[in-house]
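Visitor: I am new to this structure and should be grateful for a close look at a single part of it. Please take the aromatic rings and their surroundings, and explain each term as it arises.

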Amino acid sequence: MGAIVPQLELNQVETCVDGFPYLNRCPSGLYFDDIQKYCTFKAEAKCGPLASTPTATTESPIDLAKKCNPAECELPYCYCNKDGTLIPKGLNPDETPQIILLTFDGAVNLNNYEHYRKVFNGKRKNPNGCDIKGTFFISHEYR
């Protein structure tokens, strides 16, 4: 989520998601707190204007990385390939292991659980005949 811009009404806030602004309202009876950036009771809500901090000046980074030399480069410590199409050690594409990384953002809950069940339904198989697998990393808020 990007910048949060409080609106004229204390219960409205504009949030930016992927570069698009969305006008949101706090639930009934709550007001947006400019300092804490969440909806709370009117007596607890603090309103702006907020003090701005000057932007720090930074220097452009210096590229200290050496150019990759295929004669000196050995897996797993090094891999020289500009476009990623060369397979290390000259392996045939048909004999090269593949991995598909599919990521989701957010909690696994009753709203999306059936979607995961459809993906991992036992009908999708790896070339070796085994079912596809998934690993879910759950953060502490969702225990």
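Guide: A residue is called buried under 20% relative accessible area, exposed over 50%, and partly exposed in between, with a 1.4 Å probe and protein chains only. Phenylalanine 136, with a relative accessible area of 40%, is therefore partly exposed. The model is a predicted one, in which local features need pLDDT of at least 70 and side-chain atom pairs count only at pLDDT 80 or more, while totals for chains, interfaces and linings use all residues. Residues are numbered from 1 along each chain as its sequence is written, and side-chain values use heavy atoms, with hydrogens and water left out.

Phenylalanine 136 lies in the segment after helix H1, which spans 113-119. Helices (H or I, at least four residues) and strands (E, at least two) are DSSP runs, numbered from the N terminus.

Now to the rings. A pair of aromatic rings is described by the distance of the centres and the angle of the planes. Rings of Phe, Tyr and Trp (its six-membered ring) pair if their centres lie within 6.5 Å; planes under 30 degrees apart count as stacked, over 60 as edge-to-face and the rest as tilted. By this rule there are 2 aromatic pairs. In one, the centres of tyrosine 116 and phenylalanine 136 are 5.1 Å apart and the planes stand at 90°, so the pair is edge-to-face. This pair links distant parts of the chain, since tyrosine 116 is in helix H1, phenylalanine 136 is in the segment after H1, and 20 residues separate them. Tyrosine 116 is buried, its relative accessible area being 11%. Phenylalanine 120 also forms an edge-to-face pair with phenylalanine 136, at 6.1 Å centre to centre and 75° between the planes. Here both partners are in the segment after H1, 16 residues apart. Phenylalanine 120 is partly exposed, at 33% relative accessibility. Ring pairs thus link Tyr116, Phe120 and Phe136 into a cluster.

Two of these residues, Phe120 and Phe136, also belong to a nonpolar surface patch of about 430 Å², together with Val108, Tyr113 and Ile138. Patches are made of residues with over 30% relative accessible area and no salt bridge, like charges being joined within 9 Å and nonpolar side chains (Val, Leu, Ile, Met, Phe, Trp, Tyr) within 5 Å. A salt bridge is a side-chain nitrogen of Lys or Arg within 4 Å of a carboxyl oxygen of Asp or Glu. Accessible areas come from the Shrake-Rupley method with a 1.4 Å probe; for residues, only the protein chains shown count as cover.
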